[in-house]
Amino acid sequence: MTSDKELARLVTVDPGLPRPNPTEAYWQRIPHALANVQSANLPSERDYAVIGSGITGLSVAMTLLEHHSATTVTVLEARTICSGATGRNGGQMTANAGEEYMHLAEIHGPQMAGKIVKFTLRNLQKMQELIEEYDAVEMSEMQRLKKLRVFLTEGKFNNFKESIARLEADHPSMKGFYTILDADTLLRDYGVHNSAGGALLPASTVWPYRLVTKVFDALLKKYPDRLTIETNTPVDSVEHNENFSTPITSIFPYTVRTPPGISSPNLRGRIHPFKGTMTVQDPGTSVPNQGTSVSWGFHYPPIYDPDTERHGYGLYYLGQSAKTGYFYFGGENARMDEAVSADDSFVSHHSVSHLQSVLPRFFGKRDNPPWRLVSSWAGIMGFSSDGLPLIGQLPLALTGRRGEGEWIAAAFNGYGMANCLMSGEALALMILGENVRDWLPGAYEVSEKRLQSILTPLEAVKALSSKL
Ligand SMILES: Cc1cc2nc3c(=O)[nH]c(=O)nc-3n(C[C@H](O)[C@H](O)[C@H](O)COP(=O)(O)OP(=O)(O)OC[C@H]3O[C@@H](n4cnc5c(N)ncnc54)[C@H](O)[C@@H]3O)c2cc1C
């Protein structure tokens with residue numbers, strides 16, 4: 001078992017810049033025309049520099065442009081456009097409200113827990129609205145369907161049912177959102193074997209890379225003088241120029257050394273990387289194509305194999321392409337040092353063969369040879385010790401710089417499609433001086449109390465240990 005000392009080392013190690021040679025995600029096989037977009041000359045002065053061209057960066061840039069008629073924005077991306085988690089995820093647009101509610105209510109009280117649930121549900125709805133507004137339903141292959149959450153042990157299923165009961169008691173408007181199903185129904189109606197039970201909830205699936213690139217494309221056309229996107233432009237350091245009355249950021253298109261005395265935002269250990277593995281597998285004709293009606297999540301208690309030192313982290317997730325029948329299947333079975341890693345330039349053979357051996361079993365194909373592997377890749381998620389995103393202004397204690405111009409929206413703990421769009425919107429509105437407290441859960445905000453009490457390397461170690 002990984003020691004706390006080793007965990008502390010892993011969560012605080014310098015993640016470095018995004019690797020220049022990430023594994024190729026199936027979603028990005030046909031690169032968008034904007035994949036390597038850059039201005040002829042990097043603009044030297046912009047009102048806002050947004051670091052990252054995933055769904056959060058898109059949302060921040062879009063909100064800044066739409067809410068202020070003159071503002072100029074540059075999006076800086078270390079690699080190709082949308083090459084981070086958004087371009088390499090599982091394509092699931094679903095909430096984790098049910099599983100998390102009881103825990104959230106215990107820590108934050110029922111009101112805040114309810115606000116978080118409603119925020120994620122509204123975010124998912126807004127994702128669908130965005131897809132429709134930009135006429136991307138077909139090209140992003142969005143499917144409105146039901147998510148089937150399957151629990152592989154009685155213990156997990158009972159905890160889930162208890163959480164749902166509490167959610168419905170505290171927030172009667174949530175009644176009917178989840179439909180609980182027993183193991184026989186899962187087998188009979190969905191062909192799922194060896195479960196303890198499960199639940200259905202409204203959800204959807206999407207091709208996120210196609211969505212994000214399509215919206216960026218439209219924004220570039222709509223705001224040709226106010227928006228630029230600079231790919232292959234890693235930001236290595238941010239300086240506050242004391243001679244200017246307003247904060248500015250200095251942007252470097254390539255790696256530069258941080259000058260002595262100026263430290264980078266010290267978020268290490270407060271947010272840590274977690275590496276995910278995805279596969280695309282072709283079941284041929286061995287199972288029906290349910291890609292227009294359901295996607296799946298399989299929950300199990302975390303496991304540890306002392307011989308291989310590999311952990312199973314408790315969740316597999318999958319969707320099926322309505323067009324090809326391919327399964328997009330992800331989940332982790334890896335050593336801790338492989339999992340708490342920011343390196344998406346390789347995918348472990350073990351993780352891939354594990355995903356290949358597990359998937360057919362869920363559909364009762366235990367003795368069949370593995371299904372054809374179409375693609376496999378790795379992606380990096382940001383995790384926080386309290387399991388919640390960080391949205392707001394970065395204080396001097398974290399940046400080590402004076403000035404009030406640095407903001408963050410990060411750490412979506414594996415549920416970005418349910419959080420990023422509105423988190424980016426909230427951040428941009430906060431930057432513009434608007435009050436978003438009515439709808440942004442206070443528990444997401446960057447507060448001194450949160451930074452002192454829960455968002456610490458020690459708590460990150462505790463949170464990781466508790467999941468093992
Ligand atoms: C394997 C995997 C499966 C997942 N499955 C799902 C799922 O099915 N459903 C779901 O809801 N969520 C899922 N997630 C999580 C979800 O994808 C993320 O939470 C979400 O995409 C985060 O979006 P983002 O824009 O904040 O970050 P990203 O999409 O990671 O964008 C950040 C960008 O910033 C760039 N960048 C970073 N540092 C610098 C720098 N210094 N200079 C310039 N650029 C920089 C990166 O290259 C990257 O492109 C999954 C994640 C992974 C990795």
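**Exercise 1.** In this predicted model, decide whether C82 is buried or exposed, and then find how many disulfides a search of the whole structure gives.

*Solution.* Begin with the surroundings of C82, whose relative accessible area is 1%. Buried means under 20% relative accessible area, so C82 is buried. Next, look for a possible partner: the closest cysteine sulfur to that of C82 belongs to C420 and lies 11 Å away. A disulfide needs two cysteine sulfur atoms within 2.5 Å, and therefore the 11 Å between the sulfurs of C82 and C420 is too far for a bond. Seen from the other side, C420 is likewise in no disulfide, and its nearest cysteine sulfur is that of C82. C420 is buried too, with a relative accessible area of 5%. The search of the whole structure accordingly ends with zero disulfides.

**Exercise 2.** Work out how the radius of gyration of the protein stands beside the value that the globule rule gives for 468 residues.

*Solution.* First take stock of the secondary structure, which comes to 12 helices and 15 strands. The radius of gyration is 22 Å, while the globule rule gives 23 Å for 468 residues; these values are close, so the protein is as compact as a globular protein of that length. Then add the extent of the C-alpha trace, which spans about 70 × 45 × 45 Å along its principal axes.

**Exercise 3.** Find what percentage of the 468 residues is buried, and what share of the contacts with a separation of 6 or more joins residues 24 or more positions apart.

*Solution.* Buried residues make up 55% of the 468 residues. Among contacts with a separation of 6 or more, 78% are between residues 24 or more positions apart.

Technical notes
Residues are numbered from 1 along each chain as its sequence is written. This is a predicted model: local features need pLDDT of at least 70, side-chain atom pairs count only at pLDDT 80 or more; totals for chains, interfaces and linings use all residues. Side-chain values use heavy atoms; hydrogens and water are left out. Buried means under 20% relative accessible area, exposed over 50%, partly exposed in between (1.4 Å probe, protein chains only). Helices (H or I, at least four residues) and strands (E, at least two) are DSSP runs, numbered from the N terminus. The radius of gyration is taken over C-alpha atoms; the globule rule is 2.2 Å times the number of residues to the power 0.38. Contact means heavy atoms within 4.5 Å.
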